[in-house]
Amino acid sequence: MPVIGLLHVTAHLGGGVGKVLSRLVEESGRRNDGLRHAIICLERPEKDQFAERVRACGAELLIGPSREELNRRIAEADIVQLEWWHHPRVAEWLCSGVLPPMRLIVWSHVSGLHPPEIPAGFLTLPHRFLFSSPCSWEHRSVIGLSPSQRSKVDSVFSSGGFEDLPEPPPRSARGPLRVGYVGTLNFAKLHPRLLDFLGAVSLPGFRLTLVGDPTTGAELRARVAGQSLAVQLEFRGYRTDVAAELARLDVLAYLLNPLHYGTTENALLEAMAMGVVPVVLDNPAERCLVRHGETGLVVGDPAAFAEALAYLADHPAERRRLSARASRETRFRFSIERTADGLEAHYRAVLAEDKRAFDLRPVFGPTPADWFRACQGDQAWRFADGGSATRGPAVEKAGRGPHYLYEKTKSSAFHYRDTFPDDPRLRRWA
């Protein structure tokens, strides 16, 4: 079998992207599939965990290469896979000019249903455009694709599998229901009415354990300060042994902002793999991961959330059934083997196609401010050429805007401004 050179271009190796890429490299070596992986990070990773794993598996890792070196690697590769989520460094590379000829696969790690959205022209340009959740098919730009265009678009869950997690521990039916949340603690991720959901719960001794970086939870702490709900929240901070935290829980209260941009939601899947029964909101991404009444419960409002917790507390046998089903199905459906199989099918298919040069400037625009605004969807009006994003009657009437606009990173105006400080429009908007 001839060796296929696969070059991944990514902003960095943090979070879910770092996990899935490092596991893909490891799985590729285990199955001896003839793929030679190399990874280029356009900026230095903040943590070395996944970078070390990539190197330990024998894959080449380049960090911040020159434009000449990047172009040379692209020319040598049989396939280039772009890990995309509208990071400013990736936008800078994409819009730097005419890119060298390549077989390009774009794997989107955001849903595109809400900003950052996926421009329609971006969907149809590469050899393949892959979503990391089927929920992205619901976007209006995707619905309007012709049959020939849709044949170049597919979805492959970006799950790195669960080989590092132990089997679910035995859980006692006695005592109060142990409910927790693992993940980002700000309101760009969590539902803005989280406290209304918690306030609806009437279980005796109810307590929600929150596991996540405390620096992301400042607004949540401020909201509960001095309220009676404060005693119902336990902040455990950032934990490296996630499996140990999940073993302490019966139920995962995964109440996300309806405007969140996530897809495969690895924190949710890890909890399910560990037998923690999820209670999620009826959001597109979660509907693709949790089957109501089979691997968890899907609810729509605070009253339904409270009813779901009461039901799980009163029916320990049903809780055990959901726990076992969630673990078994998640470990199979979202295994690294299935992720690798889904990607490899596209690798083999695009090898039959010719390399092409790409010019993304007509899609995203010529300047950093244009690149940022191109993915703002129905919020793009906030970022006018002639003024700031926070002044004017229209903006004042519409209010502060969604929480994700105020992230310091995550492809926000602040993130783009900090990356491109000389762009006057980004300075005004930030």
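How many bridges join strand S9 to S12? There are 2, and the strands, S9 (residues 179-182) and S12, run parallel. The model is a predicted one, in which local features need pLDDT of at least 70 and side-chain atom pairs count only at pLDDT 80 or more, while totals for chains, interfaces and linings use all residues. Residues are numbered from 1 along each chain as its sequence is written, and side-chain values use heavy atoms, with hydrogens and water left out. Strands here are DSSP runs of E with at least two residues, helices are runs of H or I with at least four, and both are numbered from the N terminus. Two strands count as paired if DSSP finds at least two bridges between them.

Back to S9 and S12: Val179 sits opposite Val251 of S12, and Gly180 has Leu252 as its bridge partner in that strand. On to S13 (residues 277-281), which pairs with S12 over 4 bridges, again in the parallel sense. Here Ala253 faces Val279 of S13. Getting from S12 to S13, the chain passes through helix H11 (residues 266-273), and this β-α-β crossover is right-handed; that is, with the strands pointing away from the viewer, the path from the first strand over the helix to the second runs clockwise.

These strands belong to an open sheet of 6, ordered S11-S10-S9-S12-S13-S14, with parallel pairing. S11 (233-237) and S14 (297-299) are at the edges with a single partner strand each, so one side of each has no neighbour in the sheet. Neighbouring strands are turned by 25° against each other on average, direction ignored. H11 packs on this sheet and touches S9, S12 and S13, its direction making about 165° with that of S12. Contact means heavy atoms within 4.5 Å; axes are lines fitted to C-alpha atoms, for helices over the stretch in contact, and angles run from 0 to 180 degrees between N-to-C directions.

S12 (residues 251-254) is covered on both faces, with Val251 and Ala253 buried on one side and Leu252 and Tyr254 on the other. Buried stands for under 20% relative accessible area, exposed for over 50%, and partly exposed for anything in between (1.4 Å probe, protein chains only).

Strand S4 (residues 79-84) is mostly covered too, with 6 of its 6 residues buried. Ile79, Gln81 and Glu83 point one way, Val80, Leu82 and Trp84 the other. S4 runs parallel to S1 (residues 4-10), joined by 4 bridges, and Leu82 has Val9 opposite. S4 also pairs with S6 (residues 104-108) in the parallel sense, over 5 bridges, and there Trp84 has Ser108 as its bridge partner.
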